[in-house]
Amino acid sequence: MPTGTHAAARSGREHKLPGVSARDRDAEAVRLHVVTGKGGTGKTTVAASLALALAAGGGTVLLVEVEGRQGIARLFGTRPLPYEERPIADAPGGGRVCALAADAESALLEYLEMFYGMRRAGQLLTRFGAVDFATTVAPGMRDVLLTGKATEAVRRRASERRRGGRDAGGGRHVYDAVVMDAPPTGRIAQFLNVNAEVAGLARVGPVHNHADKAMSTLRSAQTAVHFVTVLEEMPAQETVDGIAEIHAAGLNVGSVIVNMVHSGFFDEPVLREAAEGSVDTGALVRGLKAAGLEDAEETAHGLAQEMSEHAQRASAEAAIRARLDEVDRPRMELPLLGGGVGPEELHLLAERLREQGL
Amino acid sequence: MSAGGLGGRRPASASAFDVDALLSDRGTRTVVCCGSGGVGKTTTAAAMGVRAAELGRDAVVITVDPARRLAQSMGLRELDNTPRPVDLTESGRAAMPGSLHAMMLDMKRTFDEIVEAHADAERARQILANPFYQSLSSSFSGTQEYMAMEKLGQLRESGGWDLIVVDTPPSRSALDFLDAPERLGRFLDSRLIRILGAPPATGAFKVLGAGVGMVTSVIAKVVGAQVLKDVQSFVSAFDAVFGGFQERAERTYRLLQAHGTGFVVVAAPEDDALREAEYFIERLRTDRMPLAGVVLNRVHRTAVPGLSGPDAAAAAAELEQAGDHGLAAAALRLYAERARVRDREQWLMGRLAANHPDVPAAEVPAHPVDVHDLAGLAEIGRALGRA
């Protein structure tokens with residue numbers, strides 16, 4: 001997937017990670033793919049397809065959801081996912097996708113245990129409702145914990161001992177890529193801008209350090225935020241606005257993925273006329289008769305009506321495409337799958353993403 | 001394209017949701033539109049407002065974060081918490097028996113107003129300046145929902161409105177707006193916040209033992225000592241107004257259950273949206289909230305009821321093989337693709353109807369283009385009314 005590097009440059013930091021070995025042939029490659037989109041655009045479907053596409057050819061990819069919706073489990077037709085990374089699908093060429101349903105509470109407990117060895121304190125916190133409290137008095141904390149979890153998976157290396165959190169360096173990345181099914185477009189900039197979120201609250205201390213670590217990964221060229229949209233006005237507008245916000249936050253925008261694209265059935269002139277309600281029904285009648293369909297006249301009339309609706313949509317879609325053209329980011333398109341999405345369709349969509357240069 | 005022009009069949013078991021009857025019933029004082037994000041909830045709320053005005057009601061629509069053009073279509077320019085009159089002359093009808101106002105919710109200002117109403121000037125100043133209050137009132141998850149309900153309570157109590165239509169916020173979970181007032185109340189009244197708010201070494205600490213000290217120290221570590229200090233000063237200042245707060249939240253909750261309120265669950269014929277709708281229907285029932293019906297937006301309908309998708313595809317294949325009648329073949333291909341979408345929608349809506357046969361449903365046909373003017377809203381309102 002192509003990446004923008006200018007935003008990273010703007011952040012004014014060098015990301016020469018210690019211990020990056022020659023095995024990481026391309027340290028600048030995107031390894032954290034954050035997928036956002038307006039509700040109803042198929043964000044989760046695209047995130048899952050993207051994970052499969054990235055794993056194709058033998059990679060290991062982690063697919064993370066952060067909103068407790070169990071959308072991944074539903075897509076893959078499995079039981080609800082725990083707070084645990086576990087394989088969920090195989091990709092062609094020996095690849096593998098693991099999935100994780102992250103939630104702030106578990107992340108906080110894990111974090112306390114990892115950094116403070118405070119297992120007992122964690123249990124107490126849960127009993128007192130303190131986890132809810134902590135994520136409430138510091139609203140940004142919930143986001144920090146979730147982005148922290150995803151960015152930790154990006155940085156994690158095989159030889160690294162998870163407990164203790166030391167960066168042993170040298171080893172291979174456990175995941176070739178991490179794909180995050182992120183919050184919707186309206187909240188994405190706030191969600192990812194973790195430094196700003198905690199800045200007003202925890203002025204010093206471990207949360208701040210945790211946020212800094214997450215932020216350095218999020219701002220690096222290793223992270224790209226992809227926007228899923230459909231060819232409708234509101235989702236497209238939110239995409240344009242969201243991209244501006246992500247840029248302003250100093251993060252990298254990846255691709256715009258246009259989902260649920262209708263096939264093009266007609267030539268431009270036919271479409272133009274149909275949009276104005278003019279369809280050659282005579283030709284339709286002759287065709288329907290040739291195909292041996294009954295009630296050719298009436299059917300032709302109905303088909304003409306559907307054609308003109310389709311053409312009106314297509315012309316509205318063309319205007320929305322033009323609007324998206326103003327966004328200077330790579331664009332990919334995925335077809336409308338009328339019958340709904342299951343594991344089989346995810347593989348098909350993954351294939352389409354690969355064909356488009358992923 | 002005329003809204004009801006294409007024939008469609010309702011799933012067998014559910015009855016039709018008579019939106020006109022709901023809106024024209026003078027006993028209906030509040031309509032709450034809820035549902036997951038991206039299903040056209042705000043549009044439905046606005047369309048119901050326009051329809052209510054057509055039916056002779058004096059209605060106000062409370063919207064939360066509407067799309068820019070939808071807001072503009074109703075003459076809304078900013079979040080200002082004040083109902084503004086909507087000029088209905090552009091809705092395509094000469095004489096309008098009722099009227100419509102609309103407002104966009106400013107959640108922070110609504111919160112501030114409650115504080116100001118319940119605290120003396122000095123205490124209110126202290127609370128409003130507290131950093132913890134500022135983050136609570138602008139970003140506590142659920143504050144927006146709480147404030148939407150608070151605003152509803154205010155408008156309802158002011159008595160100036162014949163009908164109030166509320167668009168609920170695009171929550172992470174559809175349940176948020178029912179839970180938020182209680183969640184916020186519970187949070188502010190929780191044992192923990194009491195303990196944290198109390199100066200150390202008072203009774204609470206002794207009774208609860210060493211565990212509390214540990215919890216406090218962990219929280220201080222995690223969120224920072226300064227935050228805890230802010231929380232403590234907030235709690236001591238807020239204590240005086242808290243009773244009033246809790247009481248208002250309970251009053252609003254009871255108002256929602258009362259006769260005169262109708263909940264409308266808005267959904268689109270998509271898997272996730274319908275699952276969320278079912279979840280919501282069940283939740284409203286559990287909470288004994290009056291459910292008026294379900295609105296299904298963007299339903300695709302067929303213009304050729306007698307032709308199945310597979311038949312259309314087979315006919316297209318035949319023509320393509322013969323190599324002529326390209327236009328008819330393409331039209332049949334288009335039809336087959338749309339039929340796939342329709343069949344799935346019908347199947348999904350049938351699932352909802354089968355699981356909730358007693359919940360009436362109304363369908364709004366999919367429009368080829370987005371709605372963003374009053375005429376479009378009025379058309380949707382009428383399509384709802386005819387269902």
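This report walks through strand 4 of chain A and its neighbours, then turns to the domains of chain B. Keep in mind that the model is predicted.

Let's start with chain A as a whole. Its secondary structure comes to 15 helices and eight strands. Of the 358 residues in chain A, 50% are buried. If you take the contacts in chain A with a separation of 6 or more, 73% of them are between residues 24 or more positions apart.

Now zoom in on strand 4 of chain A, which covers residues 95-101. How much of strand 4 is buried? Six of its seven residues are, so that the strand is mostly covered. Strand 4 pairs with strand 2 and with strand 3, as laid out here.

| Partner of strand 4 (chain A) | Residues | Sense | Bridges |
|---|---|---|---|
| Strand 2 | 60-65 | parallel | six |
| Strand 3 | 86-91 | antiparallel | five |

Arg96(A) is a handy landmark in strand 4. Thr60(A) stands opposite Arg96(A), and Asp90(A) has Arg96(A) as its bridge partner too. Strands 3 and 4 of chain A form a hairpin with three residues between the strands, and there Gly93(A) takes a positive phi near 80°.

Over in chain B, the domain assignment splits things in two. Domain 1 is made of 19-305 + 341-386, while domain 2 spans 310-340. Where the two meet, seven residues of domain 1 are in contact with four residues of domain 2. What sort of residues does domain 1 bring to that side? They divide into two nonpolar, two polar and three charged.

Notes:
Residues are numbered from 1 along each chain as its sequence is written. Chains are lettered from A and ligands numbered from 1 in the order in which they are written. This is a predicted model: local features need pLDDT of at least 70, side-chain atom pairs count only at pLDDT 80 or more; totals for chains, interfaces and linings use all residues. Domain bounds come from an automatic or database domain assignment. Ala, Val, Leu, Ile, Met, Phe, Trp, Tyr, Cys and Pro count as nonpolar, Asp, Glu, Lys and Arg as charged, and the others, Gly among them, as polar. Helices (H or I, at least four residues) and strands (E, at least two) are DSSP runs, numbered from the N terminus. A residue is buried if 20 or more other C-beta atoms lie within 10 Å of its own, exposed if 12 or fewer, and partly exposed in between; C-beta atoms are placed from the backbone. Two strands pair if DSSP finds at least two bridges between them.
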